[in-house]
Amino acid sequence: MVRLALRTGLRWKLSAAIALVGALVAVALSLVVHNAARVSMLDNSRDVQIERLNFTQKIFESTNRLQFGAKIDDPALPKALRKEVKEGDRATYLEDTGQTAPEVWAASPLSNGRVLSLHDRFPDRFAVLDDLDQALLIGSTAVVVGGCALGVLVGGRLSQRLRKAAAAAGKLADGDTSVRVRDEVGGGRVRDETDDLAWAVDAMSDALQQRIEAERRVTADIAHELRTPVTGLLTAAELLPPGRPSELVRDRAQAMRTLVEDVLEVARLDGHAERAELQDVALGEFVTRRVRALDSGVTVEVIRDAEVSTDPRRLERILGNLIANASRHGKPPIEVSVEGRVIRVRDHGTGFPEALLREGPSRFRTGSSDRAGVGHGLGLTIAVGQARVLGARLTFRNADELTDGSTGAVSVLWLPENAPTSTGSFPVIQLPDR
């Protein structure tokens, strides 16, 4: 089941919330004011009719004349009012159809048993109620519009600060440790939760950076300290008499030396201190010559050549590591193709393990059990680091993801159109995966 999530800005959510609350409050207050005003007008109309009735009854008893349209035994007199007057009480009655102003009745018993009554609608009084309703409607609309404007203003400010914080956090995630979220957010006079978030992210970034730097220094120091004894061990191994045991010792000593050099290179790359020494090279010719020098059994195909500005030494290091990884963990034939600024290295083995495709290369992890399992897992890590220095992007996938049913691991190096920056950043132009 696919669930679609609609994304809206914080300012619109806050504006909608304020507008909704404002509308509810405005409607509730309008209803209360309207009902209170209507009740007050009805009570006032009853009082006016009672005063008219008293005045009319006095005039009628003294002069036998009727005032204000009063009638004796009016056949239109409501039954409920007639019944109450028959019991000897003076009373009022309302006939409210909801269409026009309510008709207000007042009736009183006379001494001869007859009923004196009068009625009127007081349309002028209830016209005031219509004006009040119109004023309440205008006021409620103004409250809702003002609430929306306030929500957009406050939410826009908060949303802008959060977007800046998210952008700064994204730069931190990309490796730019010089960014500070609190500087991007720019706190005001009153500190709020956004400032707390910025300070917390900056503190976490500082602590993480210190830990990474400490681990890098420890790794580099250990590797550097190991270089001298390992070099001595390798020299001593060369002095051993010929024989199978001597070959094993020299082989292991050479492997240890390679490991120490790789660890030092990883430490340098992790420190982001490496800089590319750029040269203009014809990529197709360069890759062909370097691959043939590395492994003559690798097939090279130049689909489309391109002139690039890159560091030849680092590019050769990347190619060497990719081909070595394909030879060690994959199966022949190994194919290298050049298409513009894109270099692909493919073997025909079982492909990359899922963990590598999901998380990327990890040092000292050589893959799953279905691959050879030899080596120390630094080859692809170094290749990714060198690609970053070149401003390139190195991606990994399996050939069985293609529609032709083929198998194998595919490494794709995307060289940037522009020369890498001084910080060894990733390419500005994002190329599609192919």
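Arg304, Glu339 and Arg344 are linked in a network of salt bridges, where a salt bridge is a side-chain nitrogen of Lys or Arg within 4 Å of a carboxyl oxygen of Asp or Glu. Before I take this apart, please keep in mind that we are looking at a predicted model, in which local features need pLDDT of at least 70 and side-chain atom pairs count only at pLDDT 80 or more, while totals for chains, interfaces and linings use all residues. Residues are numbered from 1 along each chain as its sequence is written, and side-chain values use heavy atoms, with hydrogens and water left out.

Within the network, Glu339 pairs with Arg304, the closest N and O atoms being 4.0 Å apart. That pair links distant parts of the chain, since Glu339 sits in strand β8 (residues 335–339) and Arg304 in strand β6 (residues 299–304), 35 residues apart; strands here are DSSP runs of E with at least two residues, helices are runs of H or I with at least four, and both are numbered from the N terminus. Glu339 also forms a salt bridge with Arg344, and there the closest N and O atoms are 3.3 Å apart.

How buried or exposed are these partners? Glu339 counts as buried because its relative accessibility is 16%, whereas Arg304, at 47%, counts as partly exposed; buried means under 20% relative accessible area, exposed over 50%, and partly exposed in between, with a 1.4 Å probe and protein chains only. Arg344 is buried, as is Glu339.

A search of the whole structure finds five salt bridges, and another one of them joins Asp311 to Arg314, with the closest N and O atoms 3.3 Å apart. Asp311 is counted as buried because its relative accessibility is 3%, and Arg314 is likewise buried, at 3%.

Asp311 brings us to helix α8, whose N-terminal end it caps: a side-chain oxygen of Asp311 lies 3.1 Å from the backbone nitrogen of Arg313. Helix α8 covers residues 312–329, which makes 18 residues, and reaches 26 Å from its first C-alpha to its last, close to the 26 Å expected at 1.5 Å a residue; the expected span is 1.5 Å times one less than the number of residues. Among the buried residues of α8 are Pro312, Arg314, Leu315, Ile318 and His329.

Elsewhere, an open sheet of four strands has the order β1-β4-β3-β2, with antiparallel pairing, and two strands pair if DSSP finds at least two bridges between them. Its edge strands, β1 (71–72) and β2 (91–95), each pair on one side only.

Methods: A polar contact is a pair of N or O atoms within 3.5 Å; within protein, one must be able to donate a hydrogen and the other to accept it, and residues adjacent in sequence count only if both atoms are side-chain atoms.
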